[in-house]
Amino acid sequence: MQVQYLPQCDSTNRWAKENHAQLVPFGAVYTMDQTGGRGRLGRRWENAAGQALYYTAVVSLPLVQPETLPQLMSLVAADALRQQYGAECQINGPDDLLLNGKKIAGILCESTQDPQNPDVRVWVLGIGVNLAQPKAHFDAQDLPHAGSLAMAGYPVHAQQDAPELAARITALLAQRLEAFAAEGFAPLRKDYCAACVNLGRSVTWQAGETTASGKCVDVDDTGRLVVETGAGTHEIFTGEVSVKGIYGAL
């Protein structure tokens with residue numbers, strides 16, 4: 001498993017898609033200076049040069065349930081942060097990581113086609129982790145609900161920590177990948193439920209033009225949040241999910 005370092009790039013996901021031949025069947029790339037990143041739903045992931053980890057893993061294995069890769073990566077990232085810092089992160093479904101009620105990591109999973117073998121999908125699994133940004137960094141961008149490990153009081157030496165964290169994420173992903181490739185989300189469900197901040201809470205979600213609210217009561221074997229409303233039970237897989245009682249809308 002190779003983990004390649006880039007001094008700077010526009011987007012580790014974009015670089016990985018364009019250069020996946022250097023990483024398949026399983027490898028990773030990371031930088032601490034990402035100039036053109038983006039988050040889920042096309043949002044920009046603001047660069048914090050030297051203060052954050054921008055990481056992408058590339059996987060070209062056949063997967064029975066690739067749509068739950070974000071849930072897999074959220075668990076892997078949470079495990080890595082627990083091991084390295086002792087930080088107990090929560091997951092806001094499907095894949096944002098919260099620490100002390102602040103979003104410290106986001107995940108963006110995409111795919112591309114191998115031009116040498118059109119029948120093979122290449123999965124590109126991106127993670128951005130806020131390591132050392134001060135509160136002023138997020139205030140300047142009007143991001144009151146974002147935070148970093150340093151803001152949460154963890155000792156962070158970003159330049160030293162980032163290579164170790166990238167290697168740790170890669171190793172933990174490798175440990176879970178074989179079972180996930182064959183069985184999908186089901187073997188992860190217990191761990192995911194234990195970390196999922198949505199369970200037992202009132203949630204609001206939006207998919208397209210529709211907005212609804214209810215109580216999240218479970219996560220099913222396909223990774224969907226099971227929500228009870230006055231109109232019945234709903235399984236939520238895509239769209240925006242916010243949790244009441246954390247800090248308004250995430």
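In the predicted model, Asp-139 and Lys-135 are joined by a salt bridge with an N to O distance of 2.9 Å. Because the two residues lie 4 residues apart in helix 3 (residues 135-140), about one helical turn separates them. Asp-139 is partly exposed, at 43% relative accessibility. This pair belongs to a total of 12 salt bridges in the structure.

Other salt bridges connect separate elements. Arg-189 and Asp-218 meet through their side chains at 2.7 Å, N to O. Arg-189 is located in helix 5 (residues 189-195) and Asp-218 in strand 9, so this salt bridge ties together parts that are 29 residues apart in sequence. Both partners are partly exposed, Arg-189 at 25% relative accessibility and Asp-218 at 27%. A further salt bridge is formed by Glu-110 with Lys-17, whose closest N and O atoms are 3.4 Å apart. Here the link is between distant parts of the chain, with Glu-110 in strand 6 and Lys-17 in helix 1 (residues 12-18), 93 residues apart. Glu-110 counts as buried because its relative accessible area of 15% falls under the 20% limit, whereas Lys-17 is partly exposed at 26%. In addition, a network of salt bridges links Asp-79, Arg-82, Glu-88, Arg-176 and Asp-191.

Strand 6, which carries Glu-110, is part of an open sheet of 7 strands with mixed pairing and the order 1-2-3-7-6-5-4. Strand 1 (2-5) and strand 4 (90-92) form the edges, each pairing on one side only. From one strand to the next, the twist averages 25°. Within the sheet, strand 6 (residues 102-114) and strand 7 (residues 117-130) run antiparallel and are joined by 10 bridges; Ala-105 has Val-129 of strand 7 as its bridge partner.

Two helices lie across the sheet strands. Helix 2 (residues 69-85) crosses strand 4, strand 5 (96-99), strand 6 and strand 7, at about 135° to strand 6. Helix 4 (residues 158-183) lies across strand 1, strand 2 (26-31), strand 3 (52-59) and strand 7, and runs at about 30° to strand 3. Helix 4 also contains Asp-161, a buried residue that has no salt bridge. The nearest side chain of opposite charge to Asp-161 is that of Arg-168, at 8.8 Å. Apart from neighbours within four places in sequence, Asp-161 contacts Gln-84, Tyr-85, Pro-155 and Val-156.

The largest nonpolar core comprises 58 residues, and Leu-53, Leu-131 and Leu-149 have the most contacts inside it. When residues up to four places away in sequence are excluded, the residues touched by Leu-131 include Leu-53, Tyr-85, Leu-149, Val-156, Ala-162 and Leu-165. A second, separate core contains 9 residues, among them Ala-16, Leu-23, Val-122 and Val-124.

Strand 9 (residues 210-219), which holds Asp-218, pairs with strand 10 (residues 225-229) in the antiparallel sense over 4 bridges. Lys-215 has Glu-228 in strand 10 as its bridge partner. The two strands form a hairpin with 5 residues between them, and Gly-223 in the turn has a positive phi of about 85°.

In the loop between strand 2 and strand 3, Thr-35 is partly exposed, with a relative accessible area of 37%. The C-alpha atoms of Thr-35 and Asn-47 are 5.9 Å apart in space, and these residues are 12 residues apart in sequence.

Conventions. Residues numbered from 1 in each chain as written. Predicted model: local features only at pLDDT ≥ 70, side-chain atom pairs only at ≥ 80, totals over all residues. Heavy atoms only, no water. Core = buried A, V, L, I, M, F, W, Y, C linked by side-chain atoms within 4.5 Å. Buried < 20%, exposed > 50% of the residue type's maximum accessible area, 1.4 Å probe, protein only. Contact = heavy atoms within 4.5 Å. Pairing = 2+ DSSP bridges. Axes fitted to C-alpha atoms, helices over the stretch in contact; angles between N-to-C directions. Lys, Arg positive; Asp, Glu negative; His and termini not counted. Salt bridge = Lys/Arg side-chain N within 4 Å of Asp/Glu carboxyl O.
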